[in-house]
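Colleague: I would like a close look at a single part of this model, followed outward to whatever packs around it. Please take it slowly and keep the geometry explicit.

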Amino acid sequence: MLNFLHIKDFALIKSASVEFSGGFTVVTGESGAGKSILMSSIELLTGGRVDRAGIRNGCKQFTVCGEFSIPPALLPEISNLLNEAGIDFDPQETLLQLRRVVSHTATRNFINDIPVSAKILSDIGSRLIDLHGANEQLSLTVPARQLELLDNFGNLEPLRQKCADLSNDLRLLNKEKNDFEANLPDAAEADRLALIAEEIDRINPGPGEDEELAAKQRLGANARMVLETLNMLTGLLTENEDGIADQLGTVYHYLMELEKIDATLTADAGEICAELQNSVSELSGKLAALTEKIDLDPESLAVVEARLGEIHTLKRRYGPTLEQVFDTFAHAQNGIKKFNDAQKKRKEFALREKSLLQELNHAAQELSQARKKTADTFLAAATEKLYSIGFENASLDVQFTAIEPGSTGMDRIELLFNANSGNELRPLRKVASSGELSRVMLALKTVLADADAVPTVIFDEIDMNIGGETANKVATELHALGNKRQILCISHLAQVAARADNHLLVAKRIVDGQTVSEVSGLNDPVSELARMLGGGESALRHAADLRQACRSK
């Protein structure tokens, strides 16, 4: 519920801080005192339209801030919305602050001091407050909202959720079908893919084969030069008379002569020289062995070059790398398979769709039947409430219109109403009189009190154009509704105000030559009730009696 409201520099209000309690709270004051400013401030917190003309004269901006406590039933939904918006919220806290700051050039919105969009503010605010303004489109006049509340009233959420789940399954299936068709090659594309797959399969390159062939081709093209170089190297090492091996032999001979004179002169030099001779001989042997691998056959080289040419052609067409050629081959095979299996896949889609449609149709029919039974109970209770608040000749009905089964079932409903016998029932959203509409809302809200989770309901002049016993009945209903949720009501009727649990007075006064509106709570509202009754001693006595009578009920 709304715990606290702070308003700064909005219209006639310079600064006002208002604490709210549960139950039924009435807001009264002279015409033009600023009651509508209070309601507009609350409406702004629900994402209402911003009017910069509301910035108080001489000020740069206005601020509206409200603190709310969230009832347990709403915590999961509010938490999900906040988390989706990137706002960390601990459900254990249960308190939430909404704030709007409006300047001449910009509007800033905050939830718990975190900047948010107007849409997020509206999504959260509309779940905390249901504001019924005299000239506003009321939430209960929207057919989709009426359907939702009827389902809540009849505890039909499980059936509705089943329709929503099946409808979502159909949506996902339709997306899968569309994606399949979008990626499905036509006959010409399938033929092209077949040619690609056939060409790659015919050549059938192996992983890394292009690099292996390129190495062979380079070696084959330079075979004579390689052989000449290897022969020259083996000659230098061992085969020539003055080769390195022979020279090392000479070195070894002299080292041995020195060793005979004094072994310390050569130390390990002889061993090192012997090892060098062995290494040179080993190296010469390896180089000689390489010559046996060199192929001077032009025909073998031609075969390698032809194979390499085929692979280069594939790489040029489908590469540039061999890995990309393999990817192209796999893509072509997959596309051909899709094309060949298309009819089978379409039959699978059709069977799945048929099954889901049958399930959805069955669930929607079950939900529709339950709704029509629920509507009878709802209409009886709502009509009884209408009688009790002065609509003795009123009629209320629910018009069902069949629609294509979907996430909300197969029904579109419209609440129909007429206030007087003999008149045609009309959609509730087209009822012209705001006074009538407000009282119808009161009746419906009372019936739906246990179904609707919105914790705070605000009525703007719900008692317009009524009086006498009807006013007493309206007051009783408002008080009863206040036992189930927080009710705020702007009223001009003493009968209604006297029945309130809490009383707020909005009044104007002159401060430093400027008119300002102020809001104050009344512990003893008798004087204000007397003013509403016309003033004077008799009105004061009547007000005291009226207040006493209400307190004794």
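In which loop, between which helices, is P185 found?

Modeller: Bearing in mind that this is a predicted model, P185 is found in the loop that runs between helix 5 (157-182) and helix 6. With a relative accessible area of 9%, P185 falls under the 20% limit and is therefore buried. Leaving aside residues up to four places away in sequence, P185 touches A190, L193, G335, K338 and F339. A further link across the sequence is given by A342, which is 157 residues from P185 along the chain, while the two C-alpha atoms are 9.7 Å apart in space.

From that loop one can go on to helix 6, which spans residues 187-203 and contains E199. The relative accessibility of E199 is 13%, so E199 also counts as buried. Its contacts, again without residues up to four places away in sequence, are T313, L314, R317 and Y318.

Those contacts lead to helix 12 (residues 298-318), which packs against helix 6 at an angle of about 150°, the two axes being 10 Å apart. Because angles over 145 degrees count as roughly antiparallel, helix 6 is roughly antiparallel to helix 12. The crossing of this pair is left-handed. On the side of helix 6 the contact is made by I196, E199, I200, R202 and I203, and on the side of helix 12 by R307, E310, I311, T313, L314, R317 and Y318. Sorted by character, the residues of this contact comprise six nonpolar, one polar and five charged.

A second helix pair can be described in the same terms, since two packed helices are described by the angle between their axes and the distance between the axes. Helix 9 (residues 244-261) and helix 11 (residues 269-291) have axes that come within 9 Å and cross at roughly 165°, which makes helix 9 roughly antiparallel to helix 11. Helix 9 passes helix 11 in a left-handed crossing. From helix 9 the contact draws on I244, A245, L248, G249, V251, Y252, L255 and M256, which meet A269, G270, C273, A274, L276, Q277 and V280 of helix 11. The residues of this contact divide into twelve nonpolar, three polar and no charged.

Helix 9 and helix 11 also take part in covering helix 8 (residues 223-239), in which A223, L227, L230, T234, G235 and L237 are buried. The elements covering those buried residues include helix 7 (209-221) together with helix 9 and helix 11.

One last point concerns the cysteines. A disulfide is a covalent bond between the sulfur atoms of two cysteines, and the model holds zero disulfides. C59 is in no disulfide, the nearest cysteine sulfur being that of C65 at 18 Å; with 18% relative accessibility, C59 counts as buried. C489 is likewise in no disulfide, and the nearest cysteine sulfur, that of C550, is 14 Å away. C489 is buried too, its relative accessible area being 0%.

Conventions: Residues are numbered from 1 along each chain as its sequence is written. This is a predicted model: local features need pLDDT of at least 70, side-chain atom pairs count only at pLDDT 80 or more; totals for chains, interfaces and linings use all residues. Side-chain values use heavy atoms; hydrogens and water are left out. A disulfide is a pair of cysteine sulfur atoms within 2.5 Å. Buried means under 20% relative accessible area, exposed over 50%, partly exposed in between (1.4 Å probe, protein chains only). Axes are lines fitted to C-alpha atoms, for helices over the stretch in contact, and angles run from 0 to 180 degrees between N-to-C directions. Helices (H or I, at least four residues) and strands (E, at least two) are DSSP runs, numbered from the N terminus. Angles under 35 degrees count as roughly parallel, over 145 as roughly antiparallel, 65 to 115 as roughly perpendicular and the rest as oblique. A crossing is left-handed if the near helix is turned anticlockwise from the far one by less than a right angle, and right-handed if clockwise. Contact means heavy atoms within 4.5 Å. Ala, Val, Leu, Ile, Met, Phe, Trp, Tyr, Cys and Pro count as nonpolar, Asp, Glu, Lys and Arg as charged, and the others, Gly among them, as polar.
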